[in-house]
Amino acid sequence: MCPQCSKCEQPAVYLRRYTSEALCKVCIVKTTEERVRRTINRNKMLLENDRIAVAVSGGKDSAVLLEVLSRIERDFPGAEIVPFTIDEGIRGYRDEALKAARKLVDSLGMSLEVRSFKDLYGVTLDEIVSSRNEKGLGACSYCGVLRRRAMNDVARGLHADVVATGHNLDDEAQTVVMNVMRGDGRRIARMNRSRSEALEGFVPRVKPLSDLSERDIVAYAYHMGLPYHDIPCPYSNEAFRNDLRVFLNQMEYKRPGTLFAVMHSAEGIAELLQKGTELDKTGTCERCGAPTASTICKTCEMLDDLRE
Ligand code: SF4
Ligand code: ZN
Ligand code: ZN
């Protein structure tokens with residue numbers, strides 16, 4: 001016999017291990033949305049009249065993010081959601097993911113803003129990868145820097161007050177441990193900047209799913225029947241992250257709550273570092289005027305290297 005849902009009388013279909021809740025379909029959906037609301041309120045991520053640019057990739061995390069935010073937003077008539085996708089130009093991957101993103105956005109009666117690396121930088125990621133010389137960086141290094149800039153520029157162009165991304169608890173905990181294991185603990189302070197600490201020139205970024213595990217997200221997406229694309233990027237070379245995913249999943253299984261404990265430690269470290277040090281100062285890039293801590297921003301430096 002099926003165990004009973006901890007919240008109602010229905011048969012449970014999912015065990016949320018870190019809260020020991022057995023949940024039925026209806027309660028998976030309800031409690032997931034409640035958790036996101038709590039995360040948003042606790043960290044003051046969103047305000048009532050925000051224009052929220054939601055980064056949609058076509059994957060499950062951002063599908064859940066958009067669905068949940070669109071439900072929460074119904075209670076805030078002054079708020080507005082603008083979904084957007086950055087198309088890096090990865091043939092067979094981003095074009096496929098875009099189809100799923102469009103399907104979801106259509107089902108919510110919204111329209112999707114799409115900006116590509118090609119429009120913004122005159123070059124696709126596929127072209128960068130095939131033209132880079134032997135000193136060239138890995139695909140993800142180009143992709144990360146250029147996408148971060150693209151997201152900020154798009155959000156500014158859309159007059160958004162805030163950008164929401166679909167990072168989940170597993171992603172965040174993996175990133176913390178990766179930074180520690182690379183000896184880059186200071187990065188933890190930058191990872192957890194709150195909305196009010198956004199640097200000048202940057203649209204603040206928030207992660208409303210950061211208290212939901214990947215399992216929670218898959219359960220929600222499955223029970224809501226959300227369309228998403230689940231094929232890995234052909235350039236994905238995330239061996240280190242994958243090792244940590246396996247390790248952290250094992251620890252989470254043995255000791256439910258481990259992922260939250262990692263995040264709690266990271267918040268404590270970030271708080272101490274921020275108290276003891278001045279946050280990075282930003283000036284503006286001599287070339288393009290974007291905010292940067294050096295004279296030339298990372299994007300211009302990268303594009304210059306590629307032109308050489
Ligand atoms: Fe970009 Fe790397 Fe992610 Fe592919 S795996 S989308 S190249 S960051
Ligand atoms: Zn229930
Ligand atoms: Zn620049």
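Which residues surround ligand 1? In this predicted model, the ligand is enclosed by L125, C140, C143, R147, C233, Y235 and S236. Helix α6, spanning residues 139-157, supplies three residues, the largest share of this shell. Grouped by class, the surroundings of ligand 1 comprise five nonpolar residues, one polar residue and one charged residue.

A second ligand, the zinc ion (ligand 2), is held by the SG atoms of C5, C8, C24 and C27, at 2.3 Å. The angles among the four donor atoms run from 103 to 117°, and the site is tetrahedral. Along the sequence, the donor residues follow the spacing C-x2-C-x15-C-x2-C. Because C8 belongs to the segment before β1 (14-16) whereas C27 belongs to helix α1 (residues 25-42), this pair ties together parts of the chain that are 19 residues apart in sequence. With regard to solvent, C8 is partly exposed, having a relative accessible area of 25%. C27, by contrast, is buried, with a relative accessibility of 7%, since the limit for a buried residue is under 20%.

Attention may also be given to G257, a residue of the loop that joins α10 (239-254) to α11 (258-276). The relative accessibility of G257 is 23%, and the residue is accordingly classed as partly exposed. When residues up to four places away in sequence are set aside, G257 is in contact with Y18 and E252. G225 stands 32 residues from G257 along the chain, and the C-alpha atoms of the two glycines are separated by 28 Å.

Methods
Residues numbered from 1 in each chain as written. Chains lettered and ligands numbered in written order. Predicted model: local features only at pLDDT ≥ 70, side-chain atom pairs only at ≥ 80, totals over all residues. Heavy atoms only, no water. Near = heavy atom within 4 Å. Helix = DSSP H or I, 4+ residues; strand = E, 2+ residues; numbered from the N terminus. Nonpolar A, V, L, I, M, F, W, Y, C, P; charged D, E, K, R; others polar. Donors = N, O, S within 2.8 Å, 3.2 Å for Na, K, Ca; no water. Tetrahedral: all angles 85-135°; square planar, octahedral: opposite > 155°, others 65-115°. Buried < 20%, exposed > 50% of the residue type's maximum accessible area, 1.4 Å probe, protein only. Contact = heavy atoms within 4.5 Å.
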